[in-house]
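Student: I have a model open and would like to learn how to read helix packing and cavities. Could you walk me through it?

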Amino acid sequence: MKSAPASVLSVNVGLPKEIPVRAGSVLTGIFKEPVDGTVRVRSVNLDGDGQADLKVHGGPDKAVYFYPSEHYEFWRRELGREIAEWGAFGENVSTKGILEDGISIGDRLEIGTAVFQVTQPRLPCFKLAAKFERDDIIDTFLNSRRTGFYTRVLREGSIQRGDMITVTERDPGQVTIKEIVDLYLNTERDRASIERVLSVEALSLSWRRHFAGLL
């Protein structure tokens, strides 16, 4: 039986705002809200969206963040609370039909009139813990392999809720998002696996530096 095509359930944007943390307050762009109608995709983000700390968020390699809607039920159980709206995990695009074990670094996605390229998984930071008021969510996020993925923008355009997600090109390296997270968390890494990851030209600079440092 042929699976249903992948699609966009929601496009979400938000500008940075202050939230309280133990040390006082911090500026974060993790709060996103669904947008009706078309949203313009730019080279480093979406119109109406912003990142607070550009040293670790945003930029060409992390222009747009995708997160599978299939994970929301897991988080409702794990956190013991309702999650009412898409964008809860800071994602720009809430997807249906694409999971971390089915998409690889370097794969190209066409959505609406824009084209994206998968670059890396998402590493959660303390701001996710602050939003959900759960320090343990950072480890759970990574260990569950429910990380979502970042993309760079290869062609600017417009996207909207309901758009189909078409994988127009598969990277020959076939290093999936789940596989690279497995390698990141594995303390007994073999050189061949690291070199395989580094052979993928589309890998983001920050992850390339990390794995190159392991050699």
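Tutor: Happy to; we will take the helix pairs in turn and then look at the cavity. Keep in mind that this is a predicted model.

Student: How are two packed helices described?

Tutor: Two numbers do the job: the angle between the axes and the distance between them. Try it on helix α4, residues 177-185, and helix α6, residues 205-214: they pack at about 40 degrees, with axes 12 Å apart.

Student: What does that angle make α4 and α6 to each other?

Tutor: Angles under 35 degrees count as roughly parallel, and 65 to 115 as roughly perpendicular. The α4 and α6 pair is therefore oblique. Their crossing is left-handed.

Student: Which residues of α4 and α6 meet?

Tutor: On the α4 side, look at Ile180, Leu183 and Tyr184; on the α6 side, at Trp207, His210 and Phe211. By class, this contact holds five nonpolar residues, one polar and no charged.

Student: And how does helix α5 pack with α6?

Tutor: Helix α5 covers residues 191-198, and its angle to α6 is about 155 degrees, with the axes 10 Å apart. Since angles over 145 count as roughly antiparallel, α5 is roughly antiparallel to α6. Here too the crossing is left-handed. Ile194, Val197 and Leu198 of α5 make the contact with Arg208, Phe211, Ala212 and Leu214 of α6. That contact of α5 with α6 has six nonpolar residues, no polar and one charged.

Student: That leaves α4 with α5. At what angle do they pack?

Tutor: The angle between α4 and α5 is about 135 degrees, and their axes lie 11 Å apart. That makes α4 oblique to α5. α4 passes α5 in a left-handed crossing. In α4, Glu179, Ile180 and Leu183 meet Ser193, Ile194, Arg196 and Val197 in α5. Sorted by class, the contact of α4 with α5 has four nonpolar, one polar and two charged residues.

Student: Do any residues turn up in more than one of these lists?

Tutor: Follow Ile180 and Leu183 of α4: they meet residues of α6, and they also meet residues of α5. Phe211 of α6 is in the contact with α4 and in the one with α5.

Student: Now for the cavity. How many cavities of 30 Å³ or more are there?

Tutor: The count comes to one. The largest cavity has a volume of about 240 Å³.

Student: Which residues lie nearest the centre of the largest cavity?

Tutor: Look for Gly29, Gln51, His57, Gly90 and Tyr150, out of a lining of 22 residues. The lining of the largest cavity divides into eight nonpolar, eight polar and six charged residues.

Notes: Residues numbered from 1 in each chain as written. Predicted model: local features only at pLDDT ≥ 70, side-chain atom pairs only at ≥ 80, totals over all residues. Heavy atoms only, no water. Axes fitted to C-alpha atoms, helices over the stretch in contact; angles between N-to-C directions. Helix = DSSP H or I, 4+ residues; strand = E, 2+ residues; numbered from the N terminus. Left-handed = near helix turned anticlockwise from the far one by under 90°. Contact = heavy atoms within 4.5 Å. Nonpolar A, V, L, I, M, F, W, Y, C, P; charged D, E, K, R; others polar. 1 Å grid on protein atoms, 1.4 Å probe; cavity = no way out; pocket = protein on both sides within 12 Å on 5 of 7 lines; lining within 4 Å. Points joined across faces, edges and corners; volume = space filled by probe spheres on them.
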